[in-house]
Amino acid sequence: MSVPLLQVDGLSVNFRTRSGTVKVLDDVSFSIDKGEILGIVGESGSGKSVLSYALMGLLDDNAQIKADTITFGGIDLNGPASALSAIRGRELSMIFQSPRTALNPIMKVGKQIEDVLRRHGPVSRSNAKAAAIAALARVRIPDPERRYEAYPFELSGGMCQRVMIAMALSCSPSLLIADEPTTGLDVTTQAVVMDLIRDLVRESRMSSILITHDLALAAEYCDRIAVMHAGHMVEIASARTLRSHFAHPYTRGLFAATPTADTELNDLASIPGNLPDLRLDLPPCRFLHRCDRRQADCETAPVPLQAIGTDHSVRCRYPL
Amino acid sequence: MKIVLSLATRIATAVPSLIGVIVVTFLLARALPGDAAVYYAGSSATPESIAQVRKALGLDKPLWFQFGDYASRLAHGDLGTSLSSGQPVLHDLVARLPASMELTLCALLFAMAIGLPLGIAAATRPGKAIDHICRVIVSVGAAFPTFFVALGLVYVFYFRLGIAPEPLGRLNDTYFTVPPTVTGFYLIDTILAGDLAAFDASLAQLVLPSISLGLFALAPIARIARASMLASLSSDFCRTARAMGLSRTRIVYGYALRNAMLPVVNILGMVFSFLLGANVLVEQVFAWPGIGAYAVNAVITSDYAAVQGFVLMMAILYILLNLAVDLAVAAIDPRVRYDG
């Protein structure tokens, strides 16, 4: 087996706040191969966005990041920030939710792409402009020469997300992190944007992390899916395996709460309880109090992420 | 083309404000206590001479007729004659306005030169020493009354240390020749006249009053600059810029600062109008021959025409100022530029 593009082992993130330390991520480990799309799924507050921000070095100063290993394309990122800042935006790029506010409101979108191009390589002014227009054309924006001159407020949300994608891909990164890229877009635009991301990722043999709360979306577009709950990665498997052989009670709950073509609204089940308060002392299994399968030793014995099949791991003592 | 059109629209919206101001200044003079005719006729007036003066001033005519008369005289640039100086009010105002403008602009320049970098530095290093220094300066600047600062500065730098020139007006004309009036700004006129010694001298005269006035403006500028920089730096588009690997300099100055300038420019308009008001006090302390001192004198001596002229001129200045602020905002923000 080849060396993965991104390898993360034992990543923990704590936020120091006035009301105590919030243990947002605990012992998260995963890897991504070249050309693979990994979906990270979880409800709001499960730590999926924090995970991507930690990888990109975008967290505030009050975040404490600890990890055993973070390597990306052979580079050790688990150290001083300089290694990361050398590749950020060029090898490792990211797009965000709410694309309209994610772009500088008072700068032409073409100029914003140019800024990224000029930052990461010696490009002349006229070449940069041509490259920016080419980047806009690549994300299938009609009439890219004219759109180059547009301000974000003159474009629709879907158009702005395409501009974001064009900007993120302008330097041909090897990993694209997409943080809920379709949140805030209408349903037809969502499908168009997701198709575009998948096509571009496949075309240029990039890898991608898709962060979403939508399990159905992840199942459709991703090769592998990792499920997160309260800062733990509770299950990780190929999309097909996860769909048919999910092993964690939380994953089962997520599937039961996801509508499909032949479920009625009444058939959808909600997962009881809420996420635990991450400022308190937490049991080894953070799903404990919402779980109907819990046993006495769930409260005390450590629960490691264990392999239960080829490319299928689960963090549960009593998997399904 | 679109820009020219929206600019023309914006200027056209200033016209109703201008009409409103003319009406208010007219009514203001009529609403002031006392009978103008009695006042103009003098202390030894008889009922007959008062009636005569009333007729001469047109005060016996109906109000709408008086207003028409007032408006038509305004249209010819006639603001009436000042009782105390005996000169046409317009002449007095035009002669004194540059002194106040020069002082106010220098104060604003001083406040911006200190306040903006201070606010930016505080926002980029929140919780660090510079942030606390900024907070202290802002509190002190806002807490001390202008005239107190002015007197304190005069006491220390003129009376005690003897570094500053005597606080008597714009230029000591015993030693220096007053430059021929071109712009009315001594700093510019002395350069145009090629008189560098006079330039230095008028600059030296400006320092203390500008600082006294500017300290007052520094607080709001620094505070707004800090707040809007903080908001800008934590915005989604700055996060994007960081994710794209842009340099810190580019993010702070190219992305955050330009967006943060919008509230700062808006506050500048307000600060400038505060300064025009605060001028009155500083001009008294430094014997500055500006319009503030003129207006105070006019109010004390019930010089109606002068008060009316002063209010009208200030109102027009405010209108122009708001126009300038709007144009500056439009220059920064494309969303405003293409609006309507």
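## A tour from the core outwards

Begin by selecting A:M164 and B:I221, the residues with the most contacts inside the largest nonpolar core, which has 159 residues; such a core is a set of buried Ala, Val, Leu, Ile, Met, Phe, Trp, Tyr and Cys residues joined through C-beta atoms within 7 Å. The largest share of this core, 15 residues, comes from helix α10 (residues 196–233) of chain B. Buried here stands for 20 or more other C-beta atoms within 10 Å of a residue's own, exposed for 12 or fewer, and partly exposed for what lies in between, with C-beta atoms placed from the backbone.

This is a predicted model, in which local features need pLDDT of at least 70 and side-chain atom pairs count only at pLDDT 80 or more, while totals for chains, interfaces and linings use all residues. Residues are numbered from 1 along each chain as its sequence is written, and chains are lettered from A and ligands numbered from 1 in the order in which they are written.

Stay with A:M164 and add A:I95, A:F96, A:P99, A:A102 and A:L103, which A:M164 touches when residues up to four places away in sequence are not counted; contact requires C-beta atoms, placed from the backbone, to lie within 7 Å. A second, separate core of six residues can be found by selecting B:F185, B:A198, B:F199 and B:A201, which are among its members.

Next, select helix α8 (residues 187–203) of chain A, whose 17 residues should span 24 Å at 1.5 Å a residue, in agreement with end C-alpha atoms 24 Å apart; the expected span is 1.5 Å times one less than the number of residues. Helices (H or I, at least four residues) and strands (E, at least two) are DSSP runs, numbered from the N terminus. In α8(A), the residues A:V193, A:I197 and A:V201 are buried. Seen down the axis, the buried residues of α8(A) fall within an arc of 65°, so they line one face of the helix, the arc being that of the directions from the helix axis to the C-beta atoms. Their cover includes β3 (37–41), α7 (157–169), β8 (175–179) and β9 (207–212) of chain A, whereas A:T188, A:D195, A:D199, A:R202 and A:E203, on the other side of α8(A), are exposed.

Finally, turn to chain B, which has 15 helices and zero strands, and where 18 residues are in contact with 22 residues of chain A. On the side of chain B that touches chain A, α11 (236–243), α12 (248–285) and α15 (334–337) each supply at least two residues, and α11(B) gives the most, with six residues.

Conventions
Two residues are in contact if their C-beta atoms, placed from the backbone, lie within 7 Å.
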